[in-house]
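Welcome, and thanks for opening the viewer. Please have your selection tool ready, and follow along stop by stop.

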Amino acid sequence: MRLTGRPIYYLVVAAFLAGATLLRLSDPFAVQALRYLGFDLYQRLDPAPPLADKPVAIVDIDEASLKALGQWPWPRTRMAELASRLTANGAAAVAFDILFSEADQTSPEEVVKRLPPEQAARVAGMVDPAAGNDNVFAGVLASTPSVLGISLSRGGGDPPELRVGFATAGDDPRAYVPDFTGAVRNLPTLEQAAQGVGSINWIPDRDQIVRRVPLVFRVGNQYVPSLAAEALRVAQGAGSYILKASNASGEEAFGASTGLNHIKIGAIIVPTDSEGAVWLRFRPSDPGSFIPAMSVLDGTMAPDAVNGRIVLVGTSAAGLLDLRATPIDVAVPGVEIHAQVIEHILSGRTFARPDFARGVELLVMVLLGIGLAVIAPRLSAIHGALLGFATIGGLLAAGYFAFDPGGLLFDVLYPALVLILLTIGTALYTYREAERSKAGVRRAFQYYVSPDVVDEIIADPSRLELGGEVRVLTLLFCDVRGFTTISEGMTAHELTRFINNLLTPLSEIILKHRGTIDKYMGDAIMAFWNAPLDDPDHARHAINAAEEMLAAMAPLNEAWQREAEAAGRSMPLVKIGVGVNTGECCVGNLGSATRFDYSCIGDEVNVASRFESLTKEYGLTLLMGEQTARLAGRDEIIEVDRVQVRGKTIATRLFTLAPKASPANWLTGHRRFIDALGSGDLDLTEAARQQAAMEAPVPFGTYYERIGEKLRSQAAKGKKSHVSTVDV
């Protein structure tokens, strides 16, 4: 079975949505990038506001501090002084976003090592290794709420040594936590002295933008907290972490292992994704949260600048290469991202990408896609496109509403892109189907109705009811008089040319007056008005067309006479007769299931055909029924006779058009004759006929002569003048 039209359209839509779903499930980088673009756009539109109480302060080893105090690295004694002053000013925790993996080269014992052997031997006894800079720094770390950073590595390194404990609830989350093989650590003396050690690692997305930050990592079977998490733990004086995974108490996963859900840090419970990371709702970089390191060391820092706050020590100096990209900033110091992680947790904001997000996104995409595919083709191309883009706009608005205030991240750009492509495709399909429909309507009607009517049907197809309906039509039959005689003197080629030359202008006149050509029957034409479109003036348009068709015969005869003379043969005068009738008919697509025509049937059609035949008996060129005459509303319409239609008991009045500029005396006499014709008095009727015939225009001479013959025939039979002189 060959599929065409709507079925193939639905198959294409189904294939498109299936392909879009599979592409999203495979999640190539292009799809990821689109998703991240949407998340970033939300944050740019509505970044997080800064916290009023500023729970985190950043001590910045900035360019000014380096210029004032010397190049990096600074002596560990200076770092010790920095930690001491911060603690003395009330810092809840001091976390260093700096690695101290090598001994301080400015420490006396290290300087001695670099001296020539003779000099080193002379001063060796003067140096106390226990009083070295690193030991001084370690002593301060031990007496302050300090946290050091380590850098985890997948390329080797020593495993970290942590004194903090981890407890897990629910399923084993190790398979989900980012894993490493080792770490770049600080000097053992410093790590052993510090109150906490946390990882400073980032796991940026493929485009190197930081959007989420893990709170926990793994080296082998050992969990390692992040620097931000350790700073929070030390600030609270907590001793361990609790990792809550799927199927833990209070965590619903319906039996499936879905990784981490929450991490408990002291008294704080932090919602995370399955990998133990938090999605950050970033705020713009806040210069007010940075405190120059030199202001801490020279005592010019505001007294309450760090009181009760978690302090992060890091650098914004470009030369130290600790800059990161975020969704709303091209480059911010890495230490500020740690600060924003802590602020995000302390703010209590709920901001996450749910585990069910992908399923919801795909379901919404497919359902909206199916809805558009079903509804849009039933609309115009423009309205279908408007519906599509309104749906896409609603989807984008829903995604933004989920972001703020919902605090949920849903990818709406990929579904929106799919729906945009589907909307464009549906609009093109609708437009193509509309054009095909218009072309079909034009093909079906262009040879039967006027171009203006075709345009109206195409502009509003609802006005066209095909299949069969009963409505009042005005019907016209036109036939050539003496066609057999005319055709006898012509070859087949000449006869075909004659018929075409006759029917073409007559057909154009019918179409010009909004008529519908039903069929050609040799030299005859059948046409009707008031279908397929309503035409309130159908009777008048039909009579006007008939009058113009009759007038067109004069120039046609002149042309044929000239052709005949040029060919050396004779050409008889070609005359036509036209019958017009108005009444109820059945009109529509009539025929078989495989072949049909737009046509009409009914008694009134037969009557119109008989009227055309009666023009021969009356010697007139046009006859019309009573309803046609009444609806046409033209003053020059005059009654001709009353005829008895077979199957009807009431006589039908027959009318025609009086010739233009008819004598007034004749019109008066003619009406007197028509009145006498129905009186039953043969003598009165005959007298009125003779009087009217004396004044009659040329076309009516034959009419009065035929009527006279009927009257004399009735008189010979002893009958009265009857209301009907002709039986139709």
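A residue counts as buried when its relative accessible area is under 20%. Keep that cut-off in mind for a later stop, and remember throughout that this is a predicted model.

**Stop 1: two helices side by side**

Start by selecting residues 76-88, which form helix H4, together with residues 133-143, which form helix H7. Their axes come within 8 Å and cross at roughly 15°. Angles under 35 degrees count as roughly parallel, and H4 and H7 are therefore roughly parallel to each other. Rotate the view to look at the crossing itself: H4 passes H7 in a left-handed sense.

Now show the side chains where the two helices meet. From H4, pick Arg76, Thr77, Met79, Ala80, Ala83 and Ser84; their counterparts in H7 are Asn133, Asp134, Val136, Phe137 and Val140. Coloured by residue class, this contact of H4 with H7 has 6 nonpolar, 3 polar and 2 charged residues.

**Stop 2: a small set of strands**

Next, go to the open sheet of 3 strands, ordered E5-E9-E10 and with mixed pairing. Which strands stand at the edges? Select 179-180 for E5 and 222-225 for E10: these are the edge strands, and each has a single partner strand, so one side of each lacks a neighbour in the sheet.

Then add E9, residues 216-219, which runs antiparallel to E10 and is joined to E10 by 4 bridges. For a closer look at this pair, label Arg218 and find Tyr223 of E10 standing opposite.

**Stop 3: a single serine**

Move on to helix H10, residues 293-297, and centre on Ser295. Is this residue buried or exposed? Its relative accessibility is 11%, so Ser295 counts as buried. Leaving aside residues up to four places away in sequence, Ser295 touches Thr300 and Met301, so show those side chains too.

**Stop 4: two helices crossing**

Finish with helix H19, residues 603-618, and helix H23, residues 699-716. Here the packing angle is about 85° and the axes are 8 Å apart. Since 65 to 115 degrees counts as roughly perpendicular, H19 and H23 are described that way relative to each other.

To see what makes the contact, select Lys616, Glu617 and Tyr618 on H19, then Thr702, Tyr703, Arg706 and Ile707 on H23. By class, the residues of this contact divide into 3 nonpolar, 1 polar and 3 charged.

Technical notes:
Residues numbered from 1 in each chain as written. Predicted model: local features only at pLDDT ≥ 70, side-chain atom pairs only at ≥ 80, totals over all residues. Heavy atoms only, no water. Axes fitted to C-alpha atoms, helices over the stretch in contact; angles between N-to-C directions. Parallel < 35°, antiparallel > 145°, perpendicular 65-115°, else oblique. Contact = heavy atoms within 4.5 Å. Nonpolar A, V, L, I, M, F, W, Y, C, P; charged D, E, K, R; others polar. Buried < 20%, exposed > 50% of the residue type's maximum accessible area, 1.4 Å probe, protein only. Pairing = 2+ DSSP bridges. Left-handed = near helix turned anticlockwise from the far one by under 90°.
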